Every structure is written in C-alpha cells, then in structure tokens.
Amino acid sequence: MEIEIDRIRPSVVYQHLIRLIVPRPIAWVSTVSRSGLSNLAPFSFFTGVGSRPPSLLFCPANRRDGQPKDTLRNIVDTGEFVVNVVTSRMAELMNQTSAELPENESEFAAFGLTEIPSVAVRAPRVAGVPVSFECRLLELLNLESGPGAANIVVGRIQHVYVDDQVLDSQGFADPSRLDAIGRMGGGAYCRTTDLFDLPRPD
Ligand SMILES: Cc1cc2nc3c(=O)[nH]c(=O)nc-3n(C[C@H](O)[C@H](O)[C@H](O)COP(=O)(O)O)c2cc1C
C-alpha cells in the first residue's frame, strides 16, 4: 500500500502513525496549573533529544475544540513539567489518567496516585515510578493551529531521579530492571522483557 498522506483526513493519518512508529516510550507528564492544581497525562509521541543541553521532547496535540490540553496550558503558564517513566505494573493507572477530567480535578486525586515533591521544579513526581525527569520549557513549537494541531514541547532536563533498585553496578539504569512499557498501535502495548544485545561496529 502506498499512503498518499495529503489525501486522507488527519484522524486517519493519526491512526496510521500510531501503528507505524513503534514501539513508543510513554512520557507520563505531571504539571501544576497557575492556581496550583496538579495534572497528570500520558504522551507517547515522546523521545530524548540530546545531552547538550540535557533535553527531551513530547508532543501534546490540541484538543478537538482547538484548545491546548491541560498539560500544555500548564507548561506555557509555569514553564515546568516532569516526565515520569511508566512501568508495566502502573500501565492500567497510566491509561486511566488519559481520561478528560473537569479542569478543577487532579488525576492524582481522582485515581489515588501520590505526588512526591520534585527537587528542581514545582510540578510533582509520581510516587512509585522508577525514573522522573524534572524539566523546564526550552522550546515550544506550534506546527499548526486549531483542532488536533501538533505541538512540540522541548524540555531542558534540570534534574533526574532514578530508583536505586533499577541501577546496575556502574550506576546506570539496567534495562532488565526498569520494567518500562512501550505503546504499539491502538490499545496494544509492549513490555521490555524480551531483550537482546548487539555489539556496535567500530
Ligand atoms: C498511552 C497513551 C499515549 C498518549 N499519547 C498522546 C500523545 O502523544 N499526544 C497527545 O496529544 N495525546 C496523547 N494521549 C492522550 C492524552 O493522554 C489525553 O488527551 C489526556 O486527556 C490529556 O490530558 P490533559 O488535558 O490533562 O493534558 C495519549 C494517551 C495514552 C493512553
């Protein structure tokens, strides 16, 4: 099949992209609003950017009414966010936090999640995750405007928490202990338990 991408609706483009760009790690992004209410939502259009500066990006699309999602609005208002890594144990909870709640309700309270104070930013970490990246907004790119329009949030990583339990003897995260999950198409996810090694060529 050849997909003529400009001839199909954005909602169908989306259905193709989420099945073809896989597996995607999941950024479970916590923020606080201007009034201090915490917010938590998953985003799988997510990756690292580089080490100089330490940076990552994720992509919150606009809502169907054309407005930014709460996560993006909070980041624009406060300039801060935390990316938490999701384990298979927490997959169900992560999925629940993608529900659209009323603006005055926090996903932490609604789904029984515990906030842990961050070191470098006001947005909280999620208790029980193995890794949290505390970030300040570095760049925001609005690629278009209106319903479903794509936005890219680039975060400058200010501080990183890694659970000691997932560390190897050199002080780096051991992939076999992290238990991270990835998103495939539709409602499908993968675990990171089927690992193999490849030596890099010279
Ligand atoms: C696993 C998963 C990955 C998601 N990835 C994205 C994404 O990359 N971009 C996006 O805009 N929405 C994504 N969503 C949907 C958002 O989580 C959802 O719109 C959420 O309500 C946004 O919350 P907020 O308004 O509190 O920011 C994803 C949902 C799930 C369950």
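**Ligand site and pockets**

Reader: In this predicted model, which pocket is the space taken by the ligand?

Author: The model is a predicted one, and the space that the ligand takes up is a pocket that ranks by size. That pocket has a volume of about 1,600 Å³, and the space taken by the ligand is thus named as the largest pocket.

Reader: Which element gives the most residues to the shell around the ligand?

Author: Two or more residues of the shell come from each of β3 (38–43), α2 (70–78) and α3 (91–96). By class, the shell has ten nonpolar, five polar and five charged residues. With four residues, the element that gives the most to the shell is β3.

Reader: How much of the area that the ligand exposes when taken alone does the protein bury?

Author: A backbone N or O atom of P42 lies 2.8 Å from an oxygen atom of the ligand, and for a backbone N or O atom of A61 the distance to a ligand oxygen atom is 2.8 Å. For D70, a backbone N or O atom is 3.0 Å from an oxygen atom of the ligand. Taken alone the ligand exposes 640 Å², and the share of this that the protein buries is 89%.

Reader: How many charged residues are in the lining of the second largest pocket?

Author: The second largest pocket, with a volume of about 320 Å³, is lined by 19 residues, among them F46 and F133, which belong to the group closest to its centre. β4 gives the most to this lining, with six residues. By class the lining has 14 nonpolar and five polar residues, and the number of charged residues is no more than none: no charged residues.

How values were computed. Residues numbered from 1 in each chain as written. Predicted model: local features only at pLDDT ≥ 70, side-chain atom pairs only at ≥ 80, totals over all residues. Heavy atoms only, no water. Polar contact = N/O pair within 3.5 Å; in protein donor to acceptor, adjacent residues only side chain to side chain. Areas by Shrake-Rupley, 256 points an atom, 1.4 Å probe, with all protein chains shown as cover. 1 Å grid on protein atoms, 1.4 Å probe; cavity = no way out; pocket = protein on both sides within 12 Å on 5 of 7 lines; lining within 4 Å. Sits in = over half its atoms within 2 Å of the grid points. Nonpolar A, V, L, I, M, F, W, Y, C, P; charged D, E, K, R; others polar. Points joined across faces, edges and corners; volume = space filled by probe spheres on them.
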